[in-house]
2 protein chains.
Amino acid sequence: MKKILVVGSVGIDDIETPSGKVEGVPGGSAVYFSLAASMFSAVNIVGVAGSDFPRDIIDFMQTRGIDTKGLEIVDGQKTFRWSGRYHDDMDNRDTLLTELNVLETFKPKLPEEYKNSEILFLANIKPDLQLEVLDMLNRPELVISDTMNFWIYNDPSKVAQVIRKSDVFIINDSELLLMTGENNFLAAADRILEECSLLKALIVKLGKFGIYATDGKEEFFLPAFPLRQVADPTGAGDSFAGGFAGYLAKSGDFTFQNMKTACVYGSITASYSVNDFSIEGLKDFDVEDIHEEFEQFKKLTSF
Amino acid sequence: MKKILVVGSVGIDDIETPSGKVEGVPGGSAVYFSLAASMFSAVNIVGVAGSDFPRDIIDFMQTRGIDTKGLEIVDGQKTFRWSGRYHDDMDNRDTLLTELNVLETFKPKLPEEYKNSEILFLANIKPDLQLEVLDMLNRPELVISDTMNFWIYNDPSKVAQVIRKSDVFIINDSELLLMTGENNFLAAADRILEECSLLKALIVKLGKFGIYATDGKEEFFLPAFPLRQVADPTGAGDSFAGGFAGYLAKSGDFTFQNMKTACVYGSITASYSVNDFSIEGLKDFDVEDIHEEFEQFKKLTSF
């Protein structure tokens with residue numbers, strides 16, 4: 001069992017989807033990720049919240065084996081806030097509001113015992129912060145990173161630095177096209193792998209169409225878990241990354257072959273996440289169900 | 001070995017894609033389909049062309065075991081003409097011109113020996129014509145049908161009749177959403193299967209994301225063959241249907257399990273088709289290559 005460290009955002013969200021509307025609910029890339037990863041493995045979290053972030057969520061995270069010593073709470077200040085509205089197809093969304101609040105001046109601090117985490121997940125957050133955390137650690141065995149279109153637009157060279165220092169980079173297809181200027185996501189993936197020699201795998205999230213993964217030699221496709229209804233796609237990517245990294249931590253096997261299996265677990269945790277609003281779908285899980293869904297994936301894809 | 005009958009369009013196309021431009025090239029749903037299917041099986045074609053349709057293409061079809069007795073040539077008249085321009089993403093296209101010409105007054109005529117074809121493919125053409133051909137035949141063992149957004153807009157009740165009389169219906173995801181008013185293609189597929197009791201399988205083409213197939217109990221996902229460059233997506237769906245039906249005809253096994261395998265062969269023939277403009281990609285093929293690509297699909301999807 002390897003230990004995972006995640007640095008990312010901790011947020012309070014207002015979310016509107018065709019399935020409903022919630023306000024002031026917990027969110028943030030590091031929160032979704034760590035809850036998903038904790039189904040498989042222990043997780044250390046580094047991030048920042050204001051005093052308005054619900055204490056019971058932090059307590060709940062601890063009951064799931066998430067170490068929150070690295071989660072700084074800034075008294076009298078407000079948590080990062082995001083508000084978004086999804087379109088009918090659930091694929092596109094409009095950001096209605098972003099308030100950085102405590103994130104604006106955040107300087108990550110690493111508890112001493114976090115420094116030997118074997119797996120580091122650089123969740124979506126300002127790329128400078130991702131690089132800072134990476135520099136504060138002994139080089140982990142596996143560095144997995146993520147980003148979003150906002151940083152690709154506004155700080156592409158820093159994003160490129162993050163990818164160059166990563167073993168696994170996770171990105172969605174539209175962001176990958178944006179980043180490379182290609183029209184074909186496979187050609188775009190080839191480009192990234194050529195330019196980033198350290199990368200052992202590039203994982204492209206295709207939304208409702210699943211996952212494409214490649215190490216530059218082998219290629220792998222996995223459909224998304226077939227859901228008739230999605231409540232809230234927020235955090236789907238982070239929940240995927242959580243299940244993916246959690247399974248890698250549990251198995252301790254970082255080969256591309258094992259990453260394929262990890263993609264299946266990531267897709268299962270992502271399906272839990274989007275089944276309900278905010279982090280609700282990640283709260284309850286049953287190991288038996290996870291096994292069953294794994295078998296369902298086998299049947300879905302075999303011929 | 002079962003025999004296939006296809007009724008569909010025979011056309012002359014002008015095509016512009018980000019990869020290039022061709023004018024006055026052979027096309028049409030029945031032409032793409034029969035060339036793809038002929039890699040596996042004998043095909044009888046019913047359709048109509050004008051005297052401007054290149055004779056050498058008909059000769060070539062015959063060398064591939066395609067019986068063209070049912071392909072009517074109307075002297076002094078012009079073949080159906082379509083002109084389209086694809087967007088950069090190759091997923092969307094603008095139709096620049098459609099001239100029905102000989103298709104306008106076409107009445108399908110069936111050579112007597114076609115009437116016992118075991119597999120009927122109702123390729124994209126006016127749904128009235130699809131129904132007419134179906135009525136002219138002893139009920140084939142397997143009726144596979146296709147349509148396009150134009151008919152879904154303009155004659156939805158006739159399209160519904162065609163589906164209700166089919167064993168397998170092939171449609172792309174955006175057309176399926178258009179037809180059902182659903183936002184989720186899985187929920188839309190459920191709806192169609194509930195409403196059409198005869199359907200043994202519904203096959204949803206997801207473009208570059210592959211294929212989803214279901215019989216209402218089992219579900220199956222298959223990625224598209226990973227292509228870095230596409231020359232011309234025209235006829236991809238018909239080429240898929242050709243490989244699919246051709247393999248079913250060759251194997252004589254119409255179970256859903258075998259349809260999954262047929263989807264793999266359909267995806268291979270579709271990848272040949274889009275590799276070059278017009279029907280060029282379907283002209284040469286090597287049985288060895290097809291086997292190799294089948295194995296590649298196994299590797300692409302297994303974990």
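The following exercises, each with a worked solution, concern a predicted model of two chains, A and B.

**Exercise 1. Establish what confidence scores accompany the model and chain A.**

Solution. Begin with the scores for the model, which are an ipTM of 0.93 and a pTM of 0.95. Then turn to chain A, where the pLDDT averages 96 and 100% of the residues score at least 70.

**Exercise 2. Determine how strand β2 of chain A is placed, and which strands it pairs with.**

Solution. Start with burial, for which the criterion is 20 or more other C-beta atoms within 10 Å of a residue's own. Five of the seven residues of β2(A), which covers residues 11-17, are buried, so the strand is largely enclosed by the rest of the structure. Next, take the pairing with β3(A), residues 20-27, which is antiparallel and extends over six bridges. The connection between β2(A) and β3(A) is a hairpin of two residues, and T17(A) has G20(A) as its bridge partner in β3(A). Finally, consider β7(A), residues 80-86, which runs parallel to β2(A) and is joined to it by six bridges; here E16(A) stands opposite R85(A).

**Exercise 3. Describe the open sheet of chain B that contains β7, and identify its edge strands.**

Solution. First write down the strand order, which is β3-β2-β7-β8 in chain B, with mixed pairing among the four strands. The edges are occupied by β3 (20-27) and β8 (93-99) of chain B, and because each has a single partner strand, one side of each is left without a neighbour in the sheet. Neighbouring strands of the sheet are turned against each other by 15 degrees on average, with direction ignored. As a last step, examine one pair in detail: β7(B), residues 80-86, is antiparallel to β8(B) over six bridges, and W82(B) faces T98(B) of β8(B).

**Exercise 4. Find which residues have the most contacts inside the largest nonpolar core, and list the contacts of F121(A).**

Solution. The core comprises 196 residues, and those with the most contacts inside it are V6, F121 and A245 of chain A together with V6, F121 and A245 of chain B. Leaving aside residues up to four places away in sequence, F121(A) touches I4(A), V6(A), F33(A), I144(A), A241(A) and A245(A).

**Exercise 5. Characterise the side of chain B that touches chain A.**

Solution. Count the contacts to begin with: 23 residues of chain B meet 22 residues of chain A. The elements of chain B that contribute two or more residues to this side are α7 (185-195), β14 (219-222), α9 (256-274) and α11 (287-301). Sorting the residues of this side by class then gives 12 nonpolar, five polar and six charged.

Methods:
Residues are numbered from 1 along each chain as its sequence is written. Chains are lettered from A and ligands numbered from 1 in the order in which they are written. This is a predicted model: local features need pLDDT of at least 70, side-chain atom pairs count only at pLDDT 80 or more; totals for chains, interfaces and linings use all residues. A nonpolar core is a set of buried Ala, Val, Leu, Ile, Met, Phe, Trp, Tyr and Cys residues joined through C-beta atoms within 7 Å. A residue is buried if 20 or more other C-beta atoms lie within 10 Å of its own, exposed if 12 or fewer, and partly exposed in between; C-beta atoms are placed from the backbone. Two residues are in contact if their C-beta atoms, placed from the backbone, lie within 7 Å. Ala, Val, Leu, Ile, Met, Phe, Trp, Tyr, Cys and Pro count as nonpolar, Asp, Glu, Lys and Arg as charged, and the others, Gly among them, as polar. pLDDT is the predictor's confidence in each residue, from 0 to 100. Two strands pair if DSSP finds at least two bridges between them. Axes are lines fitted to C-alpha atoms, for helices over the stretch in contact, and angles run from 0 to 180 degrees between N-to-C directions.
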